[in-house]
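Let's take a relaxed walk through a protein model. Have a look at the picture first, then read on.

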Amino acid sequence: MPDIAALLLFCLQLLLLLSGCLFFAVGTLGLFRFSDTLTRIHALTKVDNLGLGCIVLGLLPLLSVAAGLKTLLIWLVALAASATSAHLVARAVDVGRALREEDDER
């Protein structure tokens with residue numbers, strides 16, 4: 001019976017790791033394919049954070065408790081950094097767009 005549980009855990013880990021890699025690939029594809037800066041940011045922040053989460057969850061059973069907590073903390077910091085940097089880039093795009101519209105009106 002323990003062999004079946006170990007096999008199911010391995011399959012779940014494999015599924016999470018592969019889906020995380022797939023999400024990273026889709027986010028990278030969105031970075032190259034989307035034309036607008038805001039849609040590129042959206043693709044990177046949403047999909048890459050989901051991919052990182054899948055990879056972290058897939059690695060958790062392999063790690064000790066301390067290493068697992070550190071990995072979860074890294075994921076949370078990456079989520080916060082991604083949201084903050086995306087907000088700053090989107091704000092810069094918005095300010096730049098407003099300045100161009102102001103110059104066009106003159």
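## A buried serine

Ser82 counts as buried, because its relative accessibility is 14% and buried means under 20%. Keep in mind that you're looking at a predicted model, so think of every value here as computed from that model.

Where does Ser82 sit? You'll find Ser82 in helix 3. Now try pairing Ser82 with Lys46: these two are 36 residues apart along the chain, yet 9.0 Å is what separates their C-alpha atoms.

## Two leucines to compare

Is Leu62 buried or exposed? Leu62 counts as exposed, because its relative accessibility is 60% and the exposed class starts over 50%. Leu62 is part of the loop that runs between helix 2 (37–59) and helix 3. If you go from Leu62 to Ser19, you cross 43 residues in sequence, and the C-alpha to C-alpha distance is 17 Å.

Leu31 belongs to helix 1. With a relative accessibility of 31%, Leu31 is partly exposed, since that class lies between the 20% and 50% cut-offs. Leu31 and Leu17 are 14 residues apart in sequence, and in space their C-alpha atoms are 21 Å apart.

## Patches on the surface

Now for the outside of the model. Which residues make the nonpolar surface patch of about 410 Å²? They are Leu7, Phe10, Leu14 and Leu18. Leu7, one of this group, lies in helix 1, which covers residues 2–33.

There's a negative surface patch too, and its members are Asp94, Glu101, Asp103, Asp104 and Glu105. Take Glu101 as an example: you'll spot Glu101 in helix 3, which spans residues 65–105. Glu101 has a relative accessible area of 48%, so it is partly exposed, as that figure falls short of the 50% cut-off for exposed.

## What the record says

The UniProt entry, which is unreviewed, lists residues 6–35, 47–66 and 72–90 under "transmembrane region". You can check what the model shows for some of these spans.

Over residues 6–35, the chain is 93% helix and 0% strand, and 45 Å lies between the end C-alpha atoms. How much of the span 47–66 is helix? The model gives 75% helix there, with 0% strand, and the end C-alpha atoms of that span are 27 Å apart.

Definitions and conventions: Residues are numbered from 1 along each chain as its sequence is written. This is a predicted model: local features need pLDDT of at least 70, side-chain atom pairs count only at pLDDT 80 or more; totals for chains, interfaces and linings use all residues. Side-chain values use heavy atoms; hydrogens and water are left out. Patches are made of residues with over 30% relative accessible area and no salt bridge: like charges are joined within 9 Å, nonpolar side chains (Val, Leu, Ile, Met, Phe, Trp, Tyr) within 5 Å. Accessible areas come from the Shrake-Rupley method with a 1.4 Å probe; for residues, only the protein chains shown count as cover. A salt bridge is a side-chain nitrogen of Lys or Arg within 4 Å of a carboxyl oxygen of Asp or Glu. Lys and Arg count as positive and Asp and Glu as negative; His and the chain ends are not counted. The place of a charge is taken as NZ of Lys, CZ of Arg, CG of Asp or CD of Glu. Helices (H or I, at least four residues) and strands (E, at least two) are DSSP runs, numbered from the N terminus. Buried means under 20% relative accessible area, exposed over 50%, partly exposed in between (1.4 Å probe, protein chains only). UniProt positions are given in the numbering used here, feature names are shortened, and annotations may be inferred rather than shown by experiment.
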